[in-house]
Amino acid sequence: MPTNDKAAVYRLAVLTLCSLAVVIALAGCGKKNTESGATETLSTATESPWPKLESAVKKDPAVEAKITELLGKLSVEQKVGQLIQPELRHVTPADVIEYGVGSVLNGGGSFPAENKHAKVEDWLALADGFYNASMNTDNGRVAIPIFWGTDAVHGHNNIIGATLFPHNIGLGATRNPELIKQIGAATAAEIAVTGIDWSFAPTLAVVRDDRWGRTYESYSEDPAVVKSYGGKMVEGLQGVAGKDFLSEQHVIATAKHFLADGGTQGGQDRGDATIDEAELVKIHNAGYETALAAGTQTVMASFSSWQGVKMHGNKYLLTDQLKNQMGFDGLVVGDWNGHAFVSGCTPVSCAQAINAGLDIFMAPEGNWKELYHNTVAQVKSDEISQARLDDAVARILRVKIRAGLFEKGAPSMRELAGKREIIGSAEHRAVARQAVRESIVLLKNNSQTLPVKANSKILVAGDGADNIGKQSGGWSITWQGTGNTNADFPGGSSIYQGIAGAAKAAGGAAELSVDGNYKTKPDVAFVVFGEDPYAEMQGDIGSLIYKNETNLALLKKLKADGIKVVSLFITGRPLWANNFINASDAFAVIWLPGSEGAGVADVVLTKADGSVNYDVKGKLPFSWPSSPAQSPLNVGDADYKPQFAFDFGLTYADKTETPVLDETAAQLAAAQVPDTVPVFNQRVMNPWTLVLLDHVNNMAPVTTSSGELGAVKVSSQDKHVQEDTRRLQFNGSAKATAVFGSTLRSDFSSYAEKGALVFDVKVNAKPDADVTVGMYCGSDCQGEISVAEQLNAAPVGEWSSVSIALDCFAKKRVKLDMVLAPFMISSAGNLDISLYNVRIEKNATAPACGE
Ligand code: BGC
Ligand code: BGC
């Protein structure tokens, strides 16, 4: 999908749906969504569960003096410029001069001149352009070097030819903190070659519900593992305080996403962590303890909320705990337009976030200039105090000074700049290959099928066999990791290439056949399959089941042919796959190994002499489910019944024979479904709540018979019995939305074929603008369909019924198996309707979808 469309969808999400999950969660617990309110209630607690921390990077009086001196010289405008971080696609060096922009970023899949194949020189030239602009002193400007941040989340992954390390979930399986440090250092060096100063990593999420699409960005569900890695990755990226801290070989790190991004209800992207404070600290702050102690210079605020309060507006957590209690003196950067979701905010105006403790707005769209102007005005009107502005700028300057940016000179003049040979160097690839080897988790190895003798006749099958894009997952060259071919990973190796190379060297042979049709009957088949690449938002799923009939049939066919079958499962999370495990003699999880696929062969094949080459070492960093519905599932749960427990992983010394696993869940998936699912039937049905939304992210759950918010008002009417109908009146003063939503997902996938969303409606006054009915399943997972025509055609004052085929929503990116809000109606105009009986019907007649 073209970037522009994506951006449009995203904006819509920001403007109309904002914190839908939060709203609904609030409705459930009856709390008020006030950022400041939360601060008051919580700060009265006597004993703080939060640790007092000491950073290895100490305050330096000389640095502080320089900050004071600079602050004295900067105008309000130049200070505000430091707070704004535009994205590559919407900022030029000329803008940097005009607005005093303090930093830039390139988002996932964003390159100089939007050229995926941009060369190291192109990155450097652009970095120099921004830097030189930032050092321009015309018209009394003070020279403040700009810095540039990038998502180097598994290596310098936006650069063709870079070493791509296994994603964090695989690193979690290695349980090797020293290796994490080496990976950080290698990544930092590759970043420095391109003149970039700052990596938006590590992700310290402790993911508790694996349906979240970012589970693979998490090292583990266990806070202890994340804690043992957080500081190490920071040291690898930034260097060690007092030694090589932010030397020419290193870059600034970011601990993200603060806090409890991995603790949202239902594993919902940008959702709400409804947990209590003790759990918030114990589970989700674990990685920050070591990352802050190691001196991470930046922290990224999470899109998500804690107890209904968006992190970007959460003063209690950003200021009181992170900065004051835990002593963080670096800067807090926002996430991609994350401020826009704070209640009362828009993408272009959000004093609330700065006042809560955000220091840099990540403002990736073309409208960042409006945000700049509004922020300047908010400082001038004292909505943002001078003291808060100065504190934010002081933090930004502190990081820039500590990073040596005032001395290092133009990006292209730095020590590693332009040293192309460092990117994807043999040394870095060796570290990545070691990580691949150590990350493999062996779940089943009956009759000691593995390791396979390297001199065997081997078939390598499955759509992951020779597919470096698939094995690398999201955040690989492109944002979602889609659209790549092996040619986009020069210097890398696919799983097949690794196996073929090792087999050949030992006198064996490997045949590649994606569909499994072989020319020569093999002794053994490696079938490489699993999840296709995805990243945030698009990776959320409704249940932890792995479904793929083609692959299952392939495993069964090979077995039926009398061939030993080894499954190599590519995945970003544990998935229920008992039927696949049963169909395999051996089953190894290889996660998302990245560019060095050959590391897999190192383990699954023997040496030429038939002895074990490398033993399997990986241990499950996440619990493996015993049913598709088993999420959340975490070690330490009261009723812990996983299929494979956290920490499980066979070695070649183990002689375990795995019995046939229970497959009944597979049959369950095809279970009976009722003909009608009522959403509103005389009352709002479980699990949904009626919520009103306005155009600036305010929301009001309607838990009684009436309510009002902004341009929309709801009241109850009687059709057959008391209050069995809801009247919705939109007054046209702004866009408004009424939603039936829940934090629990509903699976309507069995209704996809002939099903429809149906509602009875009485038009009291015809609309004078467009009216849409939508479904929502998460950010970037929603679709709206205009019903203006039907409403206009309906006779005023009479009941009629409107049907929208579910298929029409599916075509608009709604995933029917994970619906959060089955009905939401929006209009910016005047409209007066009564609603009765909103439902999903299995067999309904509905008009064909529009364009
Ligand atoms: C992600 C961050 C990332 C940022 C910049 C956001 O959508 O949540 O992890 O750093 O984009 O690409
Ligand atoms: C952009 C990516 C970015 C992501 C963050 C996408 O729309 O194309 O570059 O990283 O948003 O959410």
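Hi everyone, let's start at ligand 2. Eight residues surround ligand 2, and Arg89, Gly107, Gly108, Trp479 and Glu536 are the ones that come nearest. Please keep in mind as we go that this is a predicted model.

So which atoms of the protein face the oxygen atoms of ligand 2? Arginine 89 brings a polar side-chain atom to 2.7 Å from an oxygen atom of ligand 2. Glycine 108 uses its backbone instead, with an N or O atom 2.6 Å from an oxygen atom of the ligand. Then there is glutamate 536, where a polar side-chain atom lies 3.1 Å from an oxygen atom of ligand 2. Taken alone, ligand 2 would expose 310 Å², and the protein buries 93% of that.

If you sort the shell around ligand 2 by class, you get three nonpolar, two polar and three charged residues. And where does ligand 2 lie with respect to the domains? Both domain 1, residues 78-422, and domain 2, residues 440-671, give residues to the shell, so ligand 2 lies between them.

Let me stay with arginine 89 for a moment. Besides its place around ligand 2, arginine 89 forms a salt bridge with glutamate 87, and the closest N and O atoms are 3.0 Å apart. Are these two partners buried or exposed? Arginine 89 is partly exposed, at 26% relative accessible area, while glutamate 87 is buried, at 0%.

Now over to ligand 1. Here the shell holds 14 residues, and the nearest are Asp151, Arg214, His257, Asp335 and Glu536. You may recognise Glu536, which was also listed among the nearest residues of ligand 2.

Again, let's go through some contacts. In the side chain of aspartate 151, an N or O atom sits 2.5 Å from an oxygen atom of ligand 1. For arginine 214, the distance from a side-chain N or O atom to an oxygen atom of ligand 1 is 2.7 Å. Histidine 257 also has a polar side-chain atom 2.7 Å from an oxygen atom of this ligand. How much of ligand 1 does the protein bury? On its own ligand 1 exposes 310 Å², of which the protein buries 98%. The shell around ligand 1 divides into six nonpolar, three polar and five charged residues.

Next, salt bridges. A search of the whole structure finds 42 of them, and I'll pick out a few.

One involves aspartate 151, which we just met beside ligand 1. The side chains of aspartate 151 and lysine 256 meet in a salt bridge, at 3.3 Å from N to O. Aspartate 151 lies in the loop between β3 (147-150) and α8 (168-174), and lysine 256 belongs to strand β5 (residues 254-258), so this pair ties together parts that are 105 residues apart in sequence. Both ends are covered: aspartate 151 is buried at 7% relative accessibility, and lysine 256 is buried at 1%.

Another one joins the side chains of aspartate 585 and lysine 559, with 3.2 Å from N to O. Aspartate 585 is in the loop between α22 (578-582) and β17 (586-589), lysine 559 is in helix α21 (residues 549-560), and the two are 26 residues apart. Here aspartate 585 is buried, with a relative accessible area of 12%, whereas lysine 559 is partly exposed at 34%.

There is also a network of salt bridges, linking Arg214, Glu217, Asp269, Arg270 and Glu536. Two of those names, Arg214 and Glu536, were on the list of nearest residues for ligand 1.

Let's turn to a helix. How many residues of α13 are buried? Helix α13, residues 315-325, is mostly covered, with nine of its eleven residues buried. Among the buried ones are Tyr316, Leu317, Leu318 and Leu322, and also Asp320 and Lys323. After α13 comes glycine 327, with a positive phi near 70°.

Last stop: histidine 720. You'll find it in the loop between β22 (712-717) and β23 (725-731). Is histidine 720 buried or exposed? With a relative accessibility of 57%, histidine 720 counts as exposed. Its side chain makes a polar contact with the side chain of lysine 719, at 3.4 Å. Histidine 720 and glutamine 682 are 38 residues apart in sequence, and their C-alpha atoms are 9.1 Å apart in space.

That's my tour, thanks for listening!

Conventions: Residues numbered from 1 in each chain as written. Chains lettered and ligands numbered in written order. Predicted model: local features only at pLDDT ≥ 70, side-chain atom pairs only at ≥ 80, totals over all residues. Heavy atoms only, no water. Near = heavy atom within 4 Å. Polar contact = N/O pair within 3.5 Å; in protein donor to acceptor, adjacent residues only side chain to side chain. Areas by Shrake-Rupley, 256 points an atom, 1.4 Å probe, with all protein chains shown as cover. Nonpolar A, V, L, I, M, F, W, Y, C, P; charged D, E, K, R; others polar. Domains from an automatic or database assignment. Buried < 20%, exposed > 50% of the residue type's maximum accessible area, 1.4 Å probe, protein only. Helix = DSSP H or I, 4+ residues; strand = E, 2+ residues; numbered from the N terminus. Salt bridge = Lys/Arg side-chain N within 4 Å of Asp/Glu carboxyl O.
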